[in-house]
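Dear colleague,

I am handing over the structure we talked about, and would be glad if you could look through it before reading my notes below.

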Amino acid sequence: MTDHVLRVTALTAIFLAAGGQAKGATVEAKSPAFADVESAIASAHDGDIVMVPAGEASWTSPLVITKGITLQGATSIDGPSKSPAVTDRTVVLDDVPRESRGHPSPRQQQGLPQKHAAFGGATLLRSQERGTSKRIPAIVLVQLTPSQSFRLTGFTFRYGSVTAIVDKALLCIKGTCPSVRVDHCHFDQLYDNPFIMTHGQIYGVVDHCVFDERPRALTFQVYHDGWGGHTHGDGSWADNAYFGSEKFLFIEDNTFRNANGYRSNGIDSYGGARYVARHNYLVDTPIGGHGTETTGRFRGVRAIEVYNNTRVWNLVDPRGQLRSGTMLEFNNVWTGRIKPDSKSTHLTCYRQFRPFPFWGGANGNNRLDSNDSRGLYSSGKHTGENGSVTLVMANAGWRVNQWVGYSVTNTTQRIKGRTGAEFRPSSYITANTSDTITFVRGDSFGGGPTMTFNSGDDYAIYKLLIALDQPGRGKGDLLTDKNPVATGSWPHQASEPVYAWGNTYNNSRQLDVASKYPTIQENRDLYNQKTPFDGTVGVGVGPLANRPKTCAPGVAYWATDQGEWDSTHEGPDGQLYVCTAPNTWTFYYKPYTYPHPLVSGVPIRPGKTAQDRRQATDANSSSNN
């Protein structure tokens, strides 16, 4: 654990032991007008409460907050998350001008392809293509330090007369702070992408809010890009997952309403992000995270917990993706319309079908990945027509499907990325005959070239074992290279599988996580619930006494009669064990206290991390003899 994380942990203990936000003086703003709110904040000190009365005001400039205060309006949200009663009393209209929109920022929506620009043959997001014009700040920008605590509550944020979508956050919280709460706020059809963004190393909770969505506007973009004092999420990827601890942004007991069925919304994450989504009611709102690919030098999401959510789908198929890192997904209920073969979450790795700036392609011949030590398996020339979407080599004599799961690279064609590095187009192979190889094209991903072959083009076949940051991988060596594809190396990432159990459609049909990518393998990188469970594959569920005596490394068991963490009722709530060696069960995970201590106000010490617990002596964690 880094000194930086230890420092934040100690501060978390101070804030949680005090029950959350410290009590201070109350400063009253005259009205919701920008000048009045800004003046009241200027008069406040850390620990104070700034009260903003009912009313409506148009803000045309960003409100910058650098103090650890409570900013409290009069909007109220009551009732269950399925049908909350919202009373909009303190209303802020977003009228920040949109004249200058360009800034390098990742904005591909979760679960849907987005149009890209070709950059010397490489693909870039439109917002990445623009680069030097002034960034539009958030309408509320909060910059915090580790010793502060911040709360925003009782506001309605609504669009004003400016109705152009812009890639900026309405609310952006930055810095290193273990005590942040945003609650009882209504984010009402904003033209801001996203509604809420965090940067740095922010812990805390967003709860009892209502998000009424718009097209092409994410509700969340979570970053932990400053973790441990490092940039781009590198520090987060070099640290433990800390499942079951306070070291996440918690998104709990909120309502997400995508009433018009927009196909580009969701909770998204980047830059080593860590978040927990629990006890939410989501209508056509996917949950997931970006990978280490489209977002420039930023790494992908690091760790997610998703549980006890109700997810309503009217768009036929759930669209959530996990594009990097690890996830625990359990006890979620889907309703609405889904396909017979629908999955709860799709695990993907885009670098396996195209190269990206800073990272290149995961093609079995990239220094950032774990590759087969044999190196080159086969090479030759394409003998088919120009512009071919398959590789043809006359009289090759290949065995049918002998190359499935391998990667093929067009070594003649070159793609020059914006970092100056050159890449060769590559993709993974899905089938072959005696002389023709079929590979994934990725045409639905967006603009930019997909791999083709012209007559006489050279090809090379390699075998990728594990891609950098792919789903099911976790802690590794610190990667700090400015241009990793040129100077970096495989960071020896540990296996941290995705575990899924208790996820159902209408409380009946089981929904699993799945992947079509050759290196993301079930019962190695992902584990789904198996009934009955015999300890050889998957995840078992039931009382601890029913856990098999024997087990294969990697499988897991959710003991329903162990672990108390939900204070809304008495009795056990469940905890997870993982088989860490043949026939050896080890405690792995118990969810963090619910409701979050910043919500309940109950003094509590920081939860021990999963790593701490696994080191502790526990009668239920010992080897079965």
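What follows is a short account of the model's confidence, one sheet and one arginine.

This is a predicted model, in which local features need pLDDT of at least 70 and side-chain atom pairs count only at pLDDT 80 or more, while totals for chains, interfaces and linings use all residues. Residues are numbered from 1 along each chain as its sequence is written, and side-chain values use heavy atoms, with hydrogens and water left out.

The protein chain has an average pLDDT (the predictor's confidence in each residue, from 0 to 100) of 88, and 85% of the residues score at least 70. Please treat two stretches with care: pLDDT stays under 50 over residues 100-134 and also over residues 616-625.

Eleven strands (DSSP runs of E, at least two residues, numbered from the N terminus) make up an open sheet of mixed pairing, in the order 3-8-13-15-17-20-23-25-28-41-42. Strand 3 (55-59) and strand 42 (509-510) each have a single partner strand and stand at the edges, so one side of each lacks a neighbour in the sheet. Strand 3 runs parallel to strand 8 (residues 90-94), to which five bridges join it; pairing requires at least two bridges found by DSSP. Within this pair, Ala57 has Val92 of strand 8 as its bridge partner.

Arg441 lies in the loop between strand 37 (436-439) and strand 38 (458-462). Its side chain makes a polar contact (N or O atoms within 3.5 Å, one able to donate a hydrogen and the other to accept it) of 2.9 Å with the side chain of Thr450, and the Arg441 side chain also reaches the backbone oxygen of Met451 at 2.5 Å.

Best regards

Conventions. Helices (H or I, at least four residues) and strands (E, at least two) are DSSP runs, numbered from the N terminus. Contact means heavy atoms within 4.5 Å.
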